[in-house]
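Hi,

Here is the structure we talked about handing over. Have a look at it first, and my notes on what turned up follow underneath.

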Amino acid sequence: MLQPLIDWLHAQPFQQTFAGTFWIVPTAQTIHILCVAIVMTGALVIALRGMGLVGKEWSLARWQARFHGATVAALWVLLATGIVMTIAEPERELLNIIFRAKMLAVIVTLIVAHFLSRSLRAATSDRPIGAGVRLVAVLVLLSWMGIAAAGRWIAYAG
């Protein structure tokens, strides 16, 4: 089913440039990993604050506001670098079951994180954040950790 897309990509000059230029894929991978760190940092701080372990001087909503912009920017860069890596090596990515599972997990996590972000922005002093929202923050962190692990496993799964 994906083979026609892979064949089409191989016929494109940009694919040949991405795959044939020695520095493009390693540079994209490096930037990708740095952006993963940004997303993970934001998720970690929100989860730890949600559990009441750090940052009690600020509300959870304030922490979310602090990390939101950098996280969204990092997610866009992750998309761009992920596209570059997929175009450079379409078989490695598109035919890999771990890659497919990772993409599904990314979509689900982004949807859950979006609703978490909305809940945190809506929080006020007279409408505090409930235990369910705090639990979702921890689950989002765990999900990002699983996605990062899947990203590493792509290289080893056939």
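Helices here are DSSP runs of H or I with at least four residues, strands are runs of E with at least two, and both are numbered from the N terminus. On that basis the protein chain comes out with seven helices and zero strands. Please keep in mind that this is a predicted model.

**The chain as a whole**

Reading from the N terminus, the order of elements is α-α-α-α-α-α-α. Along the principal axes, the C-alpha atoms fit a box of roughly 60 × 30 × 25 Å. The chain has 158 residues, and 35% of them are buried. If you take contacts between residues at least 6 apart in sequence, 75% of those link residues at least 24 apart.

**Helix packing at the N-terminal end**

Two helix pairs are worth a look. For any such pair, the description comes down to the angle between the axes and the distance between them.

Start with H1 (residues 3-10) and H2: their axes come within 6 Å and cross at roughly 80 degrees. Angles of 65 to 115 degrees count as roughly perpendicular, so H1 and H2 are roughly perpendicular to each other. On the H1 side the contact uses Trp8, Leu9 and His10, and on the H2 side Phe14, Gln15 and Gln16. By class, that contact splits into three nonpolar, three polar and no charged residues.

H2 (residues 13-20) also meets H4 (residues 60-88), with axes that come within 8 Å and a crossing angle of roughly 95 degrees. That angle makes H2 roughly perpendicular to H4 as well. Here H2 contributes Phe14, Gln15, Phe18 and Ala19, while H4 contributes Val84, Ile87 and Ala88. This contact of H2 with H4 has six nonpolar residues, one polar and no charged ones.

Which residues does Ile87 touch, beyond those up to four places away in sequence? They are Leu9, Phe14, Gln15 and Phe18. Ile87 sits in helix H4, and its relative accessible area is 13%, so Ile87 is buried. For a sense of the fold around this spot, Ile87 and Thr17 are 70 residues apart in sequence, yet their C-alpha atoms are 9.8 Å apart in space.

**Pockets**

This is probably the part you will want to open in your own tools. The largest pocket has a volume of about 1,000 Å³. It is lined by 34 residues, and those closest to its centre are His32, Leu78, Gly82, Lys102 and Met103. At least two lining residues come from each of H3 (24-50), H4, H5 (90-94), H6 (97-122) and H7 (131-153). H4 supplies the largest share, at 10 residues. As for chemistry, the lining of the largest pocket divides into 23 nonpolar, five polar and six charged residues.

The second largest pocket holds about 410 Å³ of space. Its lining has 20 residues, with Gln64, His68, Thr71, Ala113 and Ser117 nearest the centre. The elements giving two or more residues to that lining are H3, H4, H6 and H7. Which helix gives the most to the lining of the second largest pocket? That is H6, with seven residues. The class split for the second largest pocket is 13 nonpolar, six polar and one charged.

**Two more residues to click on**

Ser117, one of the residues nearest the centre of the second largest pocket, lies in helix H6. Its relative accessibility is 9%, so Ser117 counts as buried. Apart from neighbours within four places in sequence, Ser117 is in contact with Gln64 and His68, and both of these also appear among the residues nearest that pocket's centre.

Ala43 is in helix H3. Buried means under 20% relative accessible area, so Ala43, at 11%, counts as buried. With neighbours within four places in sequence left aside, Ala43 is in contact with Leu141 and Trp144. Ala43 and Pro90 are 47 residues apart along the chain, and their C-alpha atoms are separated by 30 Å.

Cheers

Definitions and conventions: Residues numbered from 1 in each chain as written. Predicted model: local features only at pLDDT ≥ 70, side-chain atom pairs only at ≥ 80, totals over all residues. Heavy atoms only, no water. Axes fitted to C-alpha atoms, helices over the stretch in contact; angles between N-to-C directions. Parallel < 35°, antiparallel > 145°, perpendicular 65-115°, else oblique. Contact = heavy atoms within 4.5 Å. Nonpolar A, V, L, I, M, F, W, Y, C, P; charged D, E, K, R; others polar. Buried < 20%, exposed > 50% of the residue type's maximum accessible area, 1.4 Å probe, protein only. 1 Å grid on protein atoms, 1.4 Å probe; cavity = no way out; pocket = protein on both sides within 12 Å on 5 of 7 lines; lining within 4 Å. Points joined across faces, edges and corners; volume = space filled by probe spheres on them.
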